[in-house]
Structures are given as structure tokens and as C-alpha cells.
Amino acid sequence: MDRGEGIYHILALTAVAIWGTTFVSTKLLLAEGMTPAEIMFYRFLIAYLALKLYKPTFRLPESWRDEALFAAAGLTGGSLYFLTENMALQITLASNVALLLATAPILTVLLSRLWLGRPLDAGSVLALAGVALVVFNGSFILKIQPAGDLLTLAAALTWALYNICLKKLDGRHSTLEITRKVFFYGVVTLLPVFAFTPLRFDTALFRNPVVAGNLLFLGLVASLLCFAVWNTAVKHLGTVKTSNYIYLVPLVALISSAIVLNERITPVALGGAALILSGVYIAENGRRIRGLKPIHR
């Protein structure tokens, strides 16, 4: 690893460490009666308003092609991703969601091979095996919920597409501008959902410390801070290299669940954690699967 890249690896790790705890926050909000769309809407609205307070300037788009990419990033990394993830958490196991979301780096690699000319990382297979052990925490009795699992796979695919959009915007816009646009279009593209499930604004609900605290955490920390950090890492490390850190999210989810929900961590899960870290290390050090070459456009 290049020493100059070290800070960006730390940024990527910081983002996934925080994102790994959002499963618990979202579960708590769902338990309080909020819908998946409401959670995503208020989360992104809080983040966008905070960013606007920091930098309230407005200017017309310089490139409509780039504006379309911003909209695509807001749709894929914003409304579609979080809506499908939150809906999946309602109807399937959190362990299933964490495992299937970990396929996002592999999907990113496959898309990158087609669009950006990137090779397949050899560590992906090893890390994914570790993810399977971690998220199931040593239990091999799977309770399959096909609808929830399909929604989670859809979320993983939209996240892969989001990273591709970021790479297309790389070098032409600042991290702050990209982050603000993603929040804006994430909120805008979610609005049609409320034509079918009306958005509630219940002041009594927001006075609930559990709701207020978790929404502020999801909006200001998990969204505003982490999206800016993640976008910076993608810009300097590249799409595929940064996305491999997503493998660590289930590990963080396991630890946070153990602390907050008193779930037991088994030796099998710890073995899975070792596989995850090994897979990420291999991927980060550039070892490639033989016989697979990048596709150049």
C-alpha cells in the first residue's frame, strides 16, 4: 500500500465502521413504527439541510450530462439503495441483509470490468466466505425469505451502480458538491413513493429520544459525514479498491448487535472475521485471479 494512500484507506474504514452500526439504528426506528421510506427521507433531508447550512450557495448546472449523473447517483446510492435495504430489514433476517449487501463489491468489480476496465480481485471470494460465517454468527440454519433477499440483492446492485456513477464524476467536481447533489436527488427521487404511502410528520414521534437520536445519527453521521468520507476515498483509491471495504460492514454489524442487542459472538464468527480481513488484505495488495483480464474500452 502506498503511504500516501493510507489516509484514504482510513477514511474508507471509518465509513464502513459507522455504516455497520446503521442496521441496529434502522431496526430500532422500524420498531418505533416508522416506514422504510420515512426513515430514508428524514435521514437524507437532515443531511442535506445541514450541508446547505454549511455551504448555502446555489448555481445552475454547468453540464447537463454531469447533472444527469448526479441524479443517477442520488437515485442509486440514495433512494433506491436505502429504500430496498430498509424494506428488506422488515421482512428478512438482518444477517441475510448483511451477507447479501456484501456482494456489492463483487457486483462493482463486474460492472467495472465492463465500463471502467478493472480486473477481478482475488480476495473477493475469500472475503465473501468470511462474510457468510460472520453474519450468521455460527448458525447454519438459514431462514430464507425470498422477497427480502431479492430486495437486498437489488440494494447491492444499486450500490454498485452508485460507485460507477461516482467514478464517472471523478475529477470534475468536489467531494462536497457530489455529496450535496446525492442527498438532493436522493430526496427528490423518493418523493413519488409518498403518493402511495403518505409521509407522516408526527411531532410526538420526533420527541421520542430513540427516534430523534437515531435519525440524527443516521442523517448527520452515517449520511453526511460518511458519504463525504466515502466519496473522497473513491476519488483517490478508485471504485473497486474502496468498495472492497464493504466486506467489513457485516463484521461491524455483528459487534454492534452484540453490544446493543446482547447477541452472542461465536468462534465461527471470529473465524469469519479473520477471513474477511485476509480477503480485504489480498484485494488491497493487488493479487489477481489468473485468467481474468480487464476489458478495455
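**Reading a helical model, one feature at a time**

Reader: Let's start with two aromatics: how many residues apart are Trp159 and Tyr162 in helix 8?

Author: Three residues apart, in helix 8 (residues 146–169), so about one helical turn separates Trp159 from Tyr162. Keep in mind that this is a predicted model. The two rings also form an aromatic pair, with 4.9 Å from centre to centre and 40° between the planes, and that pair is tilted. The general idea is that planes under 30 degrees apart count as stacked, over 60 as edge-to-face, and the rest as tilted.

Reader: And are Trp159 and Tyr162 buried or exposed?

Author: Both are buried. For Tyr162 the relative accessible area is 0%, and the cut-off for buried is under 20%.

Reader: What is Tyr162 in contact with, beyond its neighbours in sequence?

Author: Setting aside anything within four places in sequence, Tyr162 contacts Ala73, Thr76, Gly77, Val182, Phe227, Trp230 and Asn231. Try picking out Ala73 on the model: its C-alpha atom is 5.1 Å from that of Tyr162, although their positions lie 89 residues apart along the chain.

Reader: OK, let me zoom out. How many helices and strands are in the chain?

Author: You'll find 14 helices and zero strands. Fold-wise, then, reading along the sequence gives you α after α, right to the end. To see how such a chain is held together, look at how far apart in sequence its contacting residues are. Here, among contacts with a separation of 6 or more, 91% join residues 24 or more positions apart.

Reader: What share of the residues is buried?

Author: Of the 297 residues in the chain, 52% are buried. As for the outside, about 13700 Å² is exposed, and carbon and sulfur atoms supply 68% of that.

Reader: How should I read a nonpolar core, and which residues have the most contacts inside the largest one?

Author: The background first: in soluble globular proteins, nonpolar side chains tend to be buried together. Now this case: the largest nonpolar core has 64 residues, and Trp19, Phe227 and Trp230 have the most contacts inside it. Helix 11 (residues 209–237) gives the largest share of this core, with eleven residues. Phe227 is a good place to click, since you can follow its contacts outward. Not counting residues up to four places away in sequence, Phe227 touches ten you can look up, including Trp19, Phe44, Trp159, Tyr162 and Phe183.

Reader: Some of those are aromatic. How many aromatic pairs are there in the whole structure?

Author: The search finds 14. Take Phe44 and Phe183: the ring centres are 5.1 Å apart and the planes sit at 80°, so this pair is edge-to-face. Phe44 belongs to helix 3 (residues 36–54) and Phe183 to helix 9, so the pair ties together parts that are 139 residues apart in sequence. Phe44 is buried, at 0% relative accessibility, and Phe183 is buried too, with a relative accessible area of 0%.

Reader: Which residues form the aromatic cluster?

Author: Trp19, Phe44, Tyr81, Phe82, Trp159, Tyr162, Phe183 and Trp230 make up one cluster. Our opening pair, Trp159 and Tyr162, is part of it.

Reader: Now for charges. How many salt bridges does the structure hold?

Author: Three. For each one, ask which parts of the chain it joins and how covered its two ends are. Arg200 pairs with Glu38, the closest N and O atoms being 2.9 Å apart. Since Arg200 lies in the loop between helix 9 and helix 10 and Glu38 in helix 3, this bridge ties together parts 162 residues apart in sequence. Arg200 is partly exposed at 39%, whereas Glu38 is buried at 2%.

Reader: What about the others?

Author: Lys181 bridges to Glu67, with 2.8 Å between the closest N and O atoms. Lys181 sits in helix 9 and Glu67 in helix 4, so the bridge links parts 114 residues apart in sequence. Both of these residues are buried. Then there's Arg65 with Asp66, at 3.8 Å between the closest N and O atoms. Arg65 is exposed, at 55% relative accessibility, while Asp66 is buried, at 5%.

Reader: Last one: which residues form the nonpolar patch on the surface?

Author: Phe184, Val188 and Leu191, with about 230 Å² of accessible area together. Leu191 lies in the loop between helix 9 (175–190) and helix 10 (203–206), and it is partly exposed, with a relative accessible area of 43%.

Notes: Residues numbered from 1 in each chain as written. Predicted model: local features only at pLDDT ≥ 70, side-chain atom pairs only at ≥ 80, totals over all residues. Heavy atoms only, no water. Patch = residues over 30% accessible without salt bridge, like charges linked within 9 Å, V, L, I, M, F, W, Y side chains within 5 Å. Areas by Shrake-Rupley, 256 points an atom, 1.4 Å probe, with all protein chains shown as cover. Salt bridge = Lys/Arg side-chain N within 4 Å of Asp/Glu carboxyl O. Helix = DSSP H or I, 4+ residues; strand = E, 2+ residues; numbered from the N terminus. Buried < 20%, exposed > 50% of the residue type's maximum accessible area, 1.4 Å probe, protein only. Core = buried A, V, L, I, M, F, W, Y, C linked by side-chain atoms within 4.5 Å. Contact = heavy atoms within 4.5 Å. Phe/Tyr/Trp six-rings, centres within 6.5 Å; stacked < 30°, edge-to-face > 60°.
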